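Me: I'd like to learn how to read a model like this one feature at a time. Could you walk me through it?

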Amino acid sequence: MADMEKQVDCSSFRAPSIEPGTYENLNRHSALQPPDAPLLPTNVRRSNGGWSGWLAVFGAFLALFCSFGHMNAFGTYQSWYSDHQLSGHSQFSISWIGSLQLWTFFFMGGPIGHLFDAYGPLPVMISGTLLLAFSTLMTSVSKKYYEFLLFQGFFFGLSVASLFYPSLAAVSTHFDKYRASALGIAAAGSVHLGGVIYPIMLRKLFPRIGYAWAVRASTLLSVACCAVALITVKKEGRKKCSGWIDVKMFRDPCFMLLATGSFFICLGIFTPFCYIVSYAEDRALVSQNTAFYVLSVMNAGGVFGRIVPAILSDKIGRFNLLMPTSFLAGLSCLIFWMLAKTIIAVMGFAAVYGFLSGAFISVITPCVAQISDINKIGSRIGALYTLISVPSLVGGPIAGALIQYQSGSYTGMIGLSGSSIIIGSLFILACRLKINRNICARV
């Protein structure tokens, strides 16, 4: 409320540039303003959500639950395929279905973000809903490897992207002061809740009603959630149709520093999630069943890491929180993980790292929105995710290659993961100082 009380008649307000000669022509909707100015100055007083904003949060919750949450259940599919439809293929070959799914989701962020800015969320999400129904129904009748690659890999990944990006971008347009909190609520429960419910549901239904009908049942649940999301997710602000590539984005030093930092962070941030179970088995000498709980602890830490830091960042500043949590996540790998030799130490690292990495995943989207024009939020969020699709895709294989090269040693893999995250956090620090060099400012 303090920010709102300071707001004056913005029709005559002209914010000074952060540095002499820099950002003189800053767009009025950008957040690059002095610390005591409203984050999104405009001649119309902006609400911090309201009914339409919180309905959008609810709709985004459901959209992410049935899309990204369902995608998190691929491990259940892979286990079933290895014993049934694709029993003649190796685990490595089957895993490429999930990799294609994830890469398509990340890579399509840019184009879908542009469509969101030009046409709003509704047409994009309608297409995503139809694609989701089509891809999952075709997956239920697929028999051959290329069919699973096409329908579950590419088309389902595209449907997830068509529901994920417009939902979060629409929520961003409704909120200023509580933007990170709203995005954290939309993302945390839906992604993790979906990642819990879908695997349990499919694991129970596969042997009872058969693979095909189990997948169709999941389709019915997903389409029902999408129907509610289509009604509740709305965009605040006007639609704006521009070129497919925003050239100005690449000339914005703040965005490029943030994108470069995110690139390095994503090169290592997913590695612990992929290898913490095998590390616990090999180094802490625990059974496979016990090692499975290490990943559960890391995911549980991620739930709190997506909500608590998001709420805190709205109080102290999003960049002020993003940089130190990213740095500490990398440092925890280099020190805590590297020295963890007992199950208690590995569990402790899993909880701490899950919390710190969840903070990055939760706060990075509102940071992009904070330095972007309100009519280009979708394009910029999508462009960032397109960029990080590359390190997200190759980070895991590179880590696996290092383990193999070092004859089973995890030292090189942990070193790469931690150091890349720390390097990325330094680029985010440079971005934060570019916005405002005052260390005490809320940025």
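Me: Let's start with a side chain. Is Tyr77 buried or exposed, and why?

Reply: Keep in mind that this is a predicted model. Burial is read from relative accessible area, and under 20% is called buried. Tyr77 comes out at 3%, so it counts as buried.

Me: Which helix holds Tyr77 and Tyr81, and how many residues apart are they?

Reply: Both sit in helix 4, residues 74-83. They are 4 residues apart, about one turn of the helix. Tyr81 has 0% relative accessibility, so Tyr81 counts as buried too.

Me: How do I read aromatic pairs, and how many are there in the whole structure?

Reply: Look at the distance between ring centres and then the angle between planes; over 60 degrees is edge-to-face, under 30 is stacked, and the rest is tilted. Searching the whole structure turns up 30 aromatic pairs. One of them is Tyr77 with Tyr81, a tilted pair with 6.0 Å centre to centre and 40 degrees between the planes.

Me: And what kind of pair do Tyr81 and Tyr211 form?

Reply: That one is edge-to-face, at 5.9 Å centre to centre with 65 degrees between the planes. This pair links distant parts of the chain: Tyr81 belongs to helix 4 and Tyr211 to helix 10 (residues 211-232), 130 residues apart. Tyr81 and Tyr211 are both buried.

Me: Which residues do ring pairs link into a cluster?

Reply: Trace the pairs from ring to ring and you get a cluster of Phe273, Tyr279, Phe336, Trp337, Phe349, Tyr353 and Tyr410.

Me: Rings can also have a charge over them. Where do Lys235 and Arg380 sit?

Reply: Here you check where the charged end lies relative to the ring centre and the ring normal. Lys235 lies over the face of Phe116, 4.9 Å from the ring centre. Arg380 has its charged end over the ring of Phe255, at 5.3 Å from the centre of that ring.

Me: Back to helix 10. Is Thr219 buried or exposed, and why?

Reply: Thr219, a helix 10 residue, has 5% relative accessibility, so it counts as buried. Setting aside neighbours within four places in sequence, Thr219 is in contact with Ala133, Thr136 and Leu137. With Thr136 there is a polar contact as well, side chain to side chain, at 2.8 Å. You can also compare sequence separation with spatial distance: Thr219 and His70 are 149 residues apart in sequence, and their C-alpha atoms are 9.8 Å apart.

Me: Which residues is Ser262 in contact with, beyond its sequence neighbours?

Reply: Leaving out anything within four places in sequence, the list is Phe360, Ile364, Leu384 and Ile388. Ser262 itself is in helix 12, residues 253-268. Its relative accessibility is 1%, so Ser262 counts as buried.

Me: What about Trp103: which residues is it in contact with?

Reply: With the same sequence neighbours left aside, Trp103 is in contact with Ser389 and Leu393. Trp103 lies in helix 5 (residues 91-107). Trp103 and Ser389 are 286 residues apart in sequence, yet 5.9 Å apart from C-alpha to C-alpha. Trp103 is partly exposed, because its relative accessible area is 29%.

Me: Now a whole helix. How many residues does helix 16 have, and how far does it reach?

Reply: Compare the end-to-end reach with what a rise of 1.5 Å a residue would give. Helix 16 (residues 343-370) has 28 residues and spans 41 Å from first C-alpha to last, close to the expected 40 Å.

Me: Where does helix 16 bend?

Reply: At Val363, by about 30 degrees, with a proline, Pro366, following within four residues. The helix is mostly covered too, with 20 of its 28 residues buried.

Me: One for the backbone: what is phi of Ser407?

Reply: Near 55 degrees, which is a positive value in a residue other than glycine. Ser407 lies in the loop between helix 17 (377-405) and helix 18 (411-435). Ser407 is exposed, because its relative accessible area is 71%.

Me: And how far apart are Ala401 and Met413?

Reply: They are 12 residues apart in sequence and 8.6 Å apart in space, C-alpha to C-alpha. Ala401 is in helix 17, and it is partly exposed with a relative accessible area of 44%.

Conventions: Residues are numbered from 1 along each chain as its sequence is written. This is a predicted model: local features need pLDDT of at least 70, side-chain atom pairs count only at pLDDT 80 or more; totals for chains, interfaces and linings use all residues. Side-chain values use heavy atoms; hydrogens and water are left out. Helices (H or I, at least four residues) and strands (E, at least two) are DSSP runs, numbered from the N terminus. Buried means under 20% relative accessible area, exposed over 50%, partly exposed in between (1.4 Å probe, protein chains only). Contact means heavy atoms within 4.5 Å. Rings of Phe, Tyr and Trp (its six-membered ring) pair if their centres lie within 6.5 Å; planes under 30 degrees apart count as stacked, over 60 as edge-to-face and the rest as tilted. A charge sits over a ring if NZ of Lys or CZ of Arg is within 6 Å of the ring centre and within 35 degrees of the ring normal. A polar contact is a pair of N or O atoms within 3.5 Å; within protein, one must be able to donate a hydrogen and the other to accept it, and residues adjacent in sequence count only if both atoms are side-chain atoms. The expected span of a helix is 1.5 Å times one less than its number of residues. The bend at a residue is the angle between axes fitted to the seven residues ending there and the seven starting there.
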